[in-house]
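Me: I've got a structure open and I'd like to work through it bit by bit. Can we do it as questions and answers?

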Amino acid sequence: MTTKLFGEPVRRREDARLIVGKGRYLDDIGHSALAAAFVRSPHAHARITDIDVEGALDVEGLVAIYTYEDLHGAMAEPLPVLIPHPQLTAARTGHPLANGEVNHVGEAVVMVVATDRYIAEDAAERIVVSYEELPVVVGVDAAREAAHAVHDEIPDNVGARHHQETGDVEPALAASPHTLSFTQYIERSASMPMEGKGVHARWDADDRSLRVYSSTQASTSVRAAIAAKLELSLEKVEVVAPDVGGGFGVKIVHPWPEELLVPMAAIALGQEVKWSEDRREHFISSAHERQQRQDVTVGYDDDGRITALDVHVWHDHGAYTPYGIIVPIITATQLVGPYVIPVYRVIVESVYTNTVIVTPYRGAGRPQACYAMERTMDRIADALDLDRAVVRERNLIQPSQFPYDQHLTFQDGRPVIYDSGDYPGLLDKLRALVDWSSVEDLRAQAAARGKLLGIGMALYVEGTGPGPYEGGHVQVLGSGKVLVATGLTSQGQGHETSFAQIVASELGVPIEDVEVTTGDTRRFPYAVGTFASRAAVMSGNAIALAARGVREKALRIAADVLEVDPGDLEIDEGLVQVKGVPGTSIPLRTVAVLSNPLRYAFDEAAKQATQFTTHDDTRPPVAEGDAPGLEHRDYYSPIRSTFASGAHAAVVEIDTQTWEIDVVKYAVVHDCGNVVNPMIVEGQVHGGVAQGVAGALYERMAYDKDGQLQNASFMDFLMPYASEVPDIDIDHQQTPSPLNPLGIKGAGEAGVIPGTAAIASAIEDAVGRRIAAMPISPTELYDLMRNDDTELTEAHRRRSGTGAMA
């Protein structure tokens, strides 16, 4: 493979189209379609006693009303548990429309279809649903107490008990020179893509085929779900993901009720139907993540080396479990991070609450895992009066230990075996990048300005590129254009650029000649989806293999024409030429024409492939085992995940008058193996860090005791502006993965993972009080500082020389 484009900071090719308004998003499709709207539950837990639609029937423009009673066959059954697991012993999912009971505010009860959205909303407002309210369970502590049950048949509210263990924890803790225990919390947050979910469906009654556009991260899986639930032949269903305005995990869930109900209505009514999610709907009926209670006990020696780690996590998965226990599994297995943990036990109890479902949000259990492990490292350092970086350094896996088996089972059912890395190298680079040793000088300078300053760091390992597979198709046309297709979808990651770079490098063609299509089941019907930092690892390698297949065929055909050995040929700038003899060549586009023996010529180029122009009558026109056309389809299926890694540091300043927390410096060292496009990777890191800052200081889904979301709008749900996101210093380290042909690891979620842990550490370093719940607001920090019961850090005691705040 040439390196002309692989590894180069090529500008994103899709941006020019998107930033001038030429994107084609879900709501740009089907302007004449009927519109759907939903009546959603105002209660967190209630029985439905009556649905009166009479008041809506005289609304002009009303087309149809659907309740659960109108669902039949597979549509009347519960939605699927997408990822079953033997430890998910009490799985529950909802129905497309509520069946007699609602379990969170926002659950869909009635679908209304009308000639436009305004009329559909007007009709929906006239439908009267009567409820009998039931006791509400909100938050992990209420679920643990189990004074009330979300589902009557699950009295303890526990959907799953996930347990993994390496060694015997109790004896190891008993034998440890030191132990400490603590409890901490991380609160709910949620994906907030610029574009919400949306579905458009068109039914062709003549050939009984269905085309669906969905703002999804998994078009092929949505296709399969629609075919199953609507009892259609798979080959008669097409699903296309148009331009998607962000996903961050919420759109990997499928099928959303609307992805089934809108096509159902389109078939029943024989007309196009569309639904676009509004912002309040996204808050109360999509998916959230993050909330956990973490009980940690750690054993360690005099040097700060961990001897045993015991973690009990209580994970809030909301009202239903459509995505299984993937988030708890990721927390459990990524918690050990880049460290040698001789004995480890983790138990995650995943509990039901009367709140929106919990499914992956960028990071998907890893920020919580990093928060647990890195705050443990801080506690050990504080107890032993050691530098926090030194404690981490003493526990790191060494480069000579790879591949390193953590003896755990990851979310893909495969072992957690770290493929490559240099964790001491990451830490050294981070200390230099953030100037770790100068913190006391910085602290003194801040104090002179009346500010408190603190610094924190966090390291992580991220499992990326889980299987089972992805595929790629590469085709060279007679025009010289190269068409590339893969089944997974794009939501702003720059796939059109990075995949084109791979193909251009593999085939030796100009990147301008490469056209990339993603997320269209018409072009590529088999795929898994975009999640878990897997696109470059999975589709990138599949596309590279497909391009290599095309290259091999092109060299073979060209060798026949040029009467040379294929091994003597190379492809450069779209020309197949003899190495060292540039004049002896044939254009790749001509090879494409010759690859398809023709009977009929439609243009001048096609004449070269017809039967009376050139042929060898000793061989069939298409050789045995070959196929017409210069194209190849291939798949990449890994033995297990790759493991990227990184280290972040944050410096915060805190105003002691307002207790405003300002992240004044942020440093990132990142290792995702070989880098396809460093500019795109840095963009991913920047976006992830912004969400990490958001998760540490701003984003929080605030439910009251009745299960009502108190901040379901952008007026009340805080997200950082550009002014709140610090400048980011980035350094890269590359330890190629030995598990795939391109040697790459994923990068999409890396930036967000350590943010909460690093910022919590920095705040604690600044104020000298234990930070045991995140995110933290200025008001909460003010209350913490006023509370005499708040635990002081040992470092603060030593700095102040007293047992109380100086």
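Me: How many bridges join strand S20 to S28, and in which sense do they pair?
Reply: Keep in mind that this is a predicted model. S20 covers residues 451-464, and its pairing with S28 is antiparallel. One of the bridges puts Ile 455 opposite Val 651 of S28. The number of bridges between S20 and S28 is 14.

Me: Which residue in S29 is the bridge partner of Gly 646?
Reply: S28 also pairs with strand S29, residues 661-671, in the antiparallel sense, here over 10 bridges. Follow the bridge from Gly 646 across to S29 and you land on His 670.

Me: Which residue in the hairpin of S28 and S29 takes a positive phi?
Reply: Five residues sit between the two strands of this hairpin. One residue there has a phi near 60°, and that's Trp 659.

Me: Is S28 largely enclosed or not, and how many of its residues are buried?
Reply: Buried here means under 20% relative accessible area. Strand S28 spans residues 642-655, which is 14 residues, and it's largely enclosed by the rest of the structure because so many of them are buried. The count of buried residues is 13.

Me: Which helix gives the largest share of the largest nonpolar core?
Reply: That core has 78 residues, and Leu 309, Tyr 344 and Tyr 418 touch the most other members. The biggest contribution is six residues, and it comes from helix H9 (residues 366-384).

Me: How are H9 and H17 oriented where they pack?
Reply: The axes of H9 and H17 (residues 755-767) are 8 Å apart, at an angle of about 30°. Angles under 35 degrees count as roughly parallel. So H9 and H17 are roughly parallel.

Me: What is the handedness of the crossing of H9 and H17?
Reply: Residues of H9 including Cys 370 and Tyr 371 belong to a patch that meets H17, where Thr 756 and Ala 757 are among the residues involved. The crossing of these two helices is right-handed.

Me: Which strands stand at the edges of the open sheet of three strands?
Reply: The order in this sheet is S24-S25-S26, with antiparallel pairing. An edge strand here has a single partner strand, so one side of it is left without a neighbour in the sheet. The edge strands are S24 (569-572) and S26 (581-587).

Me: Which helix packs on that sheet?
Reply: The helix touches S24, S25 and S26, and its direction makes about 115° with that of S24. It spans residues 535-562, and its name is H14.

Conventions:
Residues numbered from 1 in each chain as written. Predicted model: local features only at pLDDT ≥ 70, side-chain atom pairs only at ≥ 80, totals over all residues. Heavy atoms only, no water. Buried < 20%, exposed > 50% of the residue type's maximum accessible area, 1.4 Å probe, protein only. Helix = DSSP H or I, 4+ residues; strand = E, 2+ residues; numbered from the N terminus. Pairing = 2+ DSSP bridges. Core = buried A, V, L, I, M, F, W, Y, C linked by side-chain atoms within 4.5 Å. Axes fitted to C-alpha atoms, helices over the stretch in contact; angles between N-to-C directions. Parallel < 35°, antiparallel > 145°, perpendicular 65-115°, else oblique. Left-handed = near helix turned anticlockwise from the far one by under 90°. Contact = heavy atoms within 4.5 Å.
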